[in-house]
Structure formats: C-alpha cells, structure tokens
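Colleague: Could you take me through one part of this model slowly? I'd like a close look at the place where the two chains meet, please.

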Amino acid sequence: MHISKIQIGDHYVLVNTDDLSVHSWIHDQFKVIPREQWDGNTPDLYMNIRKGYGVPLEDYHVDISQQDGVLIYARDDFMIRSLPDYRQVELQVHDDLALKHALMTIYSAFIVHSGWGLLIHSSCVVNGNKAYLFAGPSGAGKSTVAMLSRPREVLSDEATLIKIEPDRVVAYDSPFRSDSTTNYEKESRPLAAIHLLEQSPQIERSRISQAETVFRLMDKIFYWAHDPAETRKVLGMCRTLTLQVAAYNLKFQKNDLFWERIS
Amino acid sequence: MWKCAEHMEAVEMEGEWVVLDSEKYLITKLNEVGGWIYSRIQAGDTLETLVQAMCGEYGISEEQAKNDILVFADQLVQCGLIENVA
C-alpha cells in the first residue's frame, strides 16, 4: 500500500493506493507533503484509489446516484463512491485521464459542499501581484491566453481554483492543468478581474453586468448537479464572487497586447 | 394566478435577476422589468394586484400593464419558471 499526503488549495488529502503507477502520477501532479511535515496537517479528505475500472473515455456524461447513503458518480472510465460529506472517497479509474477527471469531480463537489469555493473552467494569470481569470467556451483561447502571458505566473490553464469569502476572493495555484506544469511555489493571489474571452481581429475590453456575469459563469464551473441544495450553494458563491470582482468581455488577438487594456 | 415553480432560486443584482432551476441546473437572466414582475409573482401577487402595482411603478395604462404581464407570464410558464394555478 502506498500512502501520500497531498495539498490542494487549503486542503490536505490522504491518498491510499496499491497501484504504483497511481502513486507516481499523484506525486507528479500534486503538491506532496513530506512525511516529516505530516504532524499537525489533519487530512480534510481520505481517498482510496484503484485502477482497472471501465473502458477508455467515450462520453463525458457522469451518472450520479445514491445507494444506502453512499453517493456514486459513474462514468465510462471512472466510478466514485463517496460519503455525503465528500470526505471519505473511493475512486476506481481506467487510466490517468480518468483519475484526473475523477479527482476534479470529487474535489469540486467537496469545495462546493463545504462552501469553500469553486473550480472554474478557465485560465488564471498573475499580473502586478493580482490574479486575472480568463474563461470562455471551448476553443475561446483560455490556455492560449495563459501561454501568451508568459513570463507572468500562470496559476491555472484549465481549471482555476478560487476560494470565495464574503470579503475576499483568492485564486490558488491549481494542480488541475492541461498544457503547463507547476512547482507549487506560486502564492495564491487576490482575484482582480474576470474576463470572458472572444478571439477577434481587435482588442476590446468592456464591462459586463453582475447578473450577466453569474449567468455566463454558471456553465463554466466544474460541478455535476445532483442535489438542489448543493446547486444553490454554487449560485450563492457565484453571486458572492461577482459582487466583489469586476467582469469584462475581452476580445483579443493572438498576442499579449490585451494586457495593455487590463493593466 | 401563478406561483413560482419548485426548486427555483432567484437573486437580484444591480436591478437584473438571475433565476436558477436548482434541480435541472438551468439558469435564466431577467431584465429589470422582467425581474420585477417575477419577484411580485414570487411574493404572491395576483394578476389584479400586479396590474395595479405595475401601473404605479411604470406609469402605464391598466390595459397595457395587463397585456405586458400576460405575455411575459406566458413566457415564464414556457421557460418553467412559474406555473399556472387555479
């Protein structure tokens, strides 16, 4: 049995697996807490992970059901069994992609349930010690913006992890990445603005209303609806986020000149 | 007479409204007037009280108010945000 303690956002996750490839993948992808520093970091989540489940991904649809007090998230390539507090979880996965998506699914459900924050389908870049989020539909340029923004720090290129409090919104160094990697030495930063992207021959930045922002962000949150009470928490946090952070439509060319409009 | 459908969560921001069907995860944005009508239906207004309130709020005739409310309420019913009740 291989046991690791990893950190995601403010949370410690104790991961158990009997599969060496899973153990190695976890160590490659996440901030691993050395054993000598385990004392005092009580795990927020306990996960058991096994490989050998299902078939390669064919359909992103996740079926969610409840059996004998256990929540079950099932996809072609993974099955998650979780207690309703999302703190004790069993993952069965087909491959590394399934493992990544299963971890995103359950961690996102956990932070919604606990009211900590949201995982948003977006990239996030640091400029002047503040974080700037870039969201949009598939192909809109989220990871392109992150790439064009270098050497600025990239907090995320696929899924931005944000903590939402009544008087503060902070973006964290996200482990859920597609094209970039992180050494987990990046500080979390206050979120200064949200941008909804559109590639264009022009560069144009225009403010959008709070209601429009909530409306357009809700389908960009990594969240699989199954319980109206949890879904209401998503709306509530989206609202709290939008009340504190200004949002803009951003038309951008494939270069970094858009930063002149932002800063 | 109408009532809000079950599992609806509505929030008002800067005069506009966002209504979430928390069971189906469907979201609808309403402009200021639409949100105002929705919030009155949510509060239990009948057509008659809503017409009177709209005339007072927006300075339009009763006929105009009634017509606008019925057209808009029909759209809300079709979107599943409210239901007709006897």
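Modeller: Sure, here is a walk through the contact between chain B and chain A, mostly from the chain B side. Keep in mind that this is a predicted model.

Let's begin with who takes part: 18 residues come from chain A and 15 residues from chain B. People often describe how big an interface is by the accessible area lost when the parts come together. Here, chain B and chain A bury about 1600 Å² between them, and 71% of that lies on carbon and sulfur atoms. On the chain B side, three residues stand out: B:Met13, B:Tyr25 and B:Ile27 lose the most area to chain A, and together they make up 40% of what that side buries.

Now for the charged and polar links. The rule finds 2 salt bridges across the interface of chain B and chain A. One of them joins the side chains of B:Glu9 and A:Arg232, at 3.9 Å from N to O. As for polar contacts, the count between the two chains is 5 residue pairs, with both residues at pLDDT 80 or more.

So where along chain B should you look? Three strands of chain B each give two or more residues to the side that touches chain A: S2 (8-13), S3 (16-21) and S4 (26-30). Of these, S2(B) gives the most, with 4 residues. If you sort that whole side of chain B by residue type, you get 6 nonpolar, 3 polar and 6 charged residues.

Notes. Residues numbered from 1 in each chain as written. Chains lettered and ligands numbered in written order. Predicted model: local features only at pLDDT ≥ 70, side-chain atom pairs only at ≥ 80, totals over all residues. Heavy atoms only, no water. Contact = heavy atoms within 4.5 Å. Buried area = accessible area lost by both parts, 1.4 Å probe. Salt bridge = Lys/Arg side-chain N within 4 Å of Asp/Glu carboxyl O. Polar contact = N/O pair within 3.5 Å; in protein donor to acceptor, adjacent residues only side chain to side chain. Nonpolar A, V, L, I, M, F, W, Y, C, P; charged D, E, K, R; others polar.
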